[in-house]
Structures are given as C-alpha cells and as structure tokens.
Amino acid sequence: MRAGKVVVAIPEERLTRRKGEMGFPINAIRYVLDEARVSVDELDLVCIANESALPFQKIYRRDTNFSVKDWIEQNEHVFFPKLTLNKEVTAFHDFDRYAARFDGVEKDPLYPFIEAARKEHPENYRVVAESIYLDVLACHFGISRDKVRFLNHEMCHKAYGLYSRPKRAKTALIFTSEGRGDYSSATVSTYQQGRINELWSSDKCTLGRLYKTVTVYLGMRPGHDEYKVMGLAPYGAPKKGREALDFFREIDSVNGLAIERLPFHKDLYFAMSHRLKGIRFDSIAWAVQEYIEEMLVEWVNNAIAQTGISEIVMSGGLAQNIKAMKRLAELDSVTSLWSGPATGDGSLGIGAAWLGTIELAKNDEVCELPDVFLGTLRDPGQEEIMQHVRELGFKCKVEPYKPRRVAELISDGKILATCRGRSEFGMRALGNTSIMADPRNAKTIVDINAKVKVRDFWMPFTPSVLENFIYDYIVPNSCEYSPYMTMAYDTVESQQSNIPAVIHPMDKTARPQFVTKKVCNKYYDEILEFRKITGVAAVLNTSFNMHGEPLVETIGQAFDVFSRTNIDALVFENHIVARD
Ligand SMILES: [Fe+2]
C-alpha cells in the first residue's frame, strides 16, 4: 500500500495453488514486494492483522487440510470434552492430535512457536508468538523489528469495511460479526469526524460461529461451504423448518446493542446433533438463515435507533452472507448498506495496512479502494500465446481480440474464459478471470457443469450487468452500487424469463456485478455488444478455475485448465484462442 492506495494484493492460495491456504503467507509477501518493486528498506511499516491470536491451527492449516470428518472428530474429541464435560483440553492436545496427520507442518515458518511455547506457561504464549513473527520477518525478509505493528483484528475489519466503500460515508455505523477475532465475536462502532469509536463488543455472540457449525452438521466443509448452506435455504419450507428455528432462537438474544448468549447450550454442535435429528437438511438451512437474518435486523435497528446513524457498514465473516445483507439493505431504517469484497479474514491485511497508513498520515483521508484488480498482470504477446497453443495437443484458432467477437461467441452458446489485465483480489471473478456464458437459457448451467466444473445442483450462477441498465433487471435496495457481488437483490419479474441461468431458481434473487466502463473497460464493451445482439445487458459470470482449485492466476494456468476442460475459447488481452 502506498499512501492509502493498494498497489498489489494476492491471497497466498493463488501461489501455493491450495484452496483456502491459511499458513504463514511467505509466498504472498515475497510476491507483493517483487511486484511493487519495493525493497524492505523502503517500507515504512509492516502491519500484521492480529494482536493476540495464537497460530496453533494456522500451523497445521486446519481450514486447508480438514475434511468434514476431521471437523466432526475435533468436535467429539476436543470441544465436547472441554465444553460439556469440563475436562482440561489444552491447545497442545489439539495440536498434537492433528498436526501429525498432515505433511509439512514442521516446515511452516511459524513452527518454532510450537517448540518455544511448549516450554512456557499459556499466559506467555502471546509474547512467544509475537517474537516468532518478528523472527520470521527478520530472517526471511530482513525486516527490522521496529517497523512491525500488530494491529487489532476487529479494528482491521472495521477499517476494511469502511474504506473499501467506493463513496465514503461521513458518518457510519460499523458492525463486525465473525467466529472470533482478538477479543470478540461481534462489535458495534460509530464512525464520526474521521474516528472509529466502539460502543459495544462481546466474545459471547454465536452468530458467526453458528453458520460454521451448521455447515459441518449438514456434511459440508466449514470455512468453505457456508455459501452453499445459504444457497440451500430458499428450498426449505418455513412450516417444516419451524422446529429448527425454535432451537436456533434458544442460542442468542438481542438486547439493545448487545447480542447475548443464552445459557441453554454449552456445545453447539452436540446440541444441534441432538435437537435437529430427523429434520430435513433444507429446512435446517432455511431456519439458520432466517434466524441469522432476524437477529441482524433487530441488532441493526436497535443501533440505528440509539445512535441516529443509518449508513451501515458490515464487516467480518458474517457480512459475506449476501442474503442477510439483502434483508438489512431493504430495511426502511437503513439509508445505505455496504459490505466490502472478501470481507472475511482474507481482507484483514488491507485493513491493517490502512491502519498503518493512518498512523503515518495522522488522518484517514487517503484510504481508498477504487477496484480490486490488484494481482498478476496478464498481457501475453503473440509468441507466448502461440507457444502455449502448440503445446495443447489439439487444434485451435488464434484471432485478434474484438469485443464483438466475444459477444458473438457467447450469444452462440459458447463457454468462454478470460485471463487478462490484473487478477482479482478475493474470491469473486469480475471479468478479468471469469468464465462467461449466455444467461438467456437455463441449459447454460448444464453446459458449464458438463464442460468445466460441477457445481452443486442447488447453487445458482450470477450475472454481470451493465450498470446503466441494472434496474431493468433488479429491484433497488439501499446498496446502490455493488461492483463486487457482495449483495443479493430481488429481480424484476418481467425479466426473469430472459435471464434464467443467473437467477436463484427458488427465490428468484440474483447477486449481480454492476459493470462500469471506468472499472471494467473491455468487459463492459463485450456486454454492450452482447446487448446489441440479444437485447440482454447481462452475461453469466463465474470464476475461472477447476472445482476445488483457486482462481487461475497465470497464462500457463489458463491454458492448463483449458486443456483439462471443454471450455470453447480463451479470451486474452489482445487475442482470442478458440477450439477449431
Ligand atoms: Fe475475523
């Protein structure tokens, strides 16, 4: 980050090619320094987003390595004895049980923490962790200790939520909600006169953790598949989900600004296993979504009534729930609602860098995020393209790039993939690393599933829509600009039959990307040409990757996926490569 503007950002998973990578980001640090052509001596500050979190689970990469069975086993052998039987289960019981199962744990740069902490009292673990982080930065990168700042996790979420919004609100109410940060699982703050002031926080709120627990209970991977539970929710029937909803309502209650945990259930997973037995999976998904939404509505409404501020910023893991964001954005009491792209822990680094910027600049005026095209620049020349084409082993035609040609191929039912410009930060493909297809026919979904990746049958695809035609397709709510697909909207009834491939089949909502010429130049032109051919100002957009793999980052990876799938054509900065 230079003067409040992100110069380069990349998730570690794009470089290790392991989805959900959660180890120390040694490759990402090296990458951003190289890409920005900055030496460590030129760095003013190095900002780490955490003050007190311990790296036990980071070292054995729990979220990357665990299967659903591992999660269930951890509930049985670690959390159940600890929470329900009041047995002493230490962080080392957990670490030793799981670390041995996965390769490479000892090679993690933070592994010396484990050896050092074994000799210490748990009270000193934080000091040990801090010193290991400083050692790693000094040994691997030559970063001096006095430049390093450990910034509060919750503050990083708040800063990220606030400054990622394209048009900054002068005053705002900022909410964070997540599994657990440094000291809390939920907070409420105001932003006024350039300052964030926390009004309430608690580590007892279960909302963020609850979704994770339901995800395991339904046999899906927590930290990865929560969005699938959300996508399943509209299939559940309120009548059949009533019993599950009654159970969820026993977990927390809203009281003014506070969300308090009710005393009935010590261990969520086991309470759930007992009480939800026999209730169908879709009814449970409906009930958890309904419960989260009603809690958030009451919480946000109370805070608006108490502070008189109605510009809302949601941050932390739970803000990734686009349906809950929709419900909030539709409230009469809310003037505007914003949740940033990749608003879970993946964006904490940007929040931390903004806090570092404020420390140096003494104000927050320079903090901004005009777009999230912050990764690798892909602009291959003819020779590089031809080299890859020769290696493919099947015949392709190489044509010069033209937006009209892209639109023709899409309208002709072809599945295209783009790899151009700089890659997107976060999980969402926004036209530079996307798979594009025709939204007019529901058969497109079958084609993408057959040709590229098998999506769970209940999950909808999403549209990229030209911003100037957006309200032809969606019903406005208080989120007036959504360039990062972080918000769901109702769709205009008369258009639903025109774009069936990009609407949730049950509740008819969509999660659109608003496409502007300024941010997405070529993508905008392609959709405009598609509109001239078909009358529809939208295309289907899904991320360019194989199922279970991170987003494609390089030209080589684009050709690799092309060769392993039946994608019809690749779209580069200046070329189109189509199967002959
Ligand atoms: Fe977090």
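1. Starting with Glu-73: leaving aside residues up to four places away in sequence, Glu-73 touches Val-78, Arg-97, Tyr-98 and Arg-101. Bear in mind that this is a predicted model. Glu-73 sits in helix α5, which covers residues 68-83. Its relative accessibility is 18%, so Glu-73 counts as buried; the cut-off for that is under 20%.

2. Now the metal site. Which residues hold the iron ion? His-153 and His-157 each coordinate through NE2, Glu-178 through OE and Asp-345 through OD, at 1.8 to 2.2 Å. Along the sequence, these donor residues follow the spacing H-x3-H-x20-E-x166-D.

3. What about the geometry? The angles subtended by the four donor atoms around the iron ion run from 91 to 150°, so the arrangement is irregular. For tetrahedral, every angle would have to lie between 85 and 135 degrees.

4. The site also links distant stretches of sequence. His-157 belongs to helix α9, while Asp-345 is in the loop between β9 (336-339) and α16 (348-361), so this pair ties together parts 188 residues apart in sequence.

5. Are those two donors buried or exposed? With just 1% relative accessibility, His-157 counts as buried. Asp-345 has a relative accessible area of 46%, so Asp-345 is partly exposed.

6. One last look at helix α9, residues 153-163. Why call it largely enclosed by the rest of the structure? Because ten of its eleven residues are buried. Among them are both histidines, His-153 and His-157, along with Glu-154, Cys-156, Lys-158 and Tyr-160.

Terms used. Residues numbered from 1 in each chain as written. Predicted model: local features only at pLDDT ≥ 70, side-chain atom pairs only at ≥ 80, totals over all residues. Heavy atoms only, no water. Buried < 20%, exposed > 50% of the residue type's maximum accessible area, 1.4 Å probe, protein only. Helix = DSSP H or I, 4+ residues; strand = E, 2+ residues; numbered from the N terminus. Contact = heavy atoms within 4.5 Å. Donors = N, O, S within 2.8 Å, 3.2 Å for Na, K, Ca; no water. Tetrahedral: all angles 85-135°; square planar, octahedral: opposite > 155°, others 65-115°.
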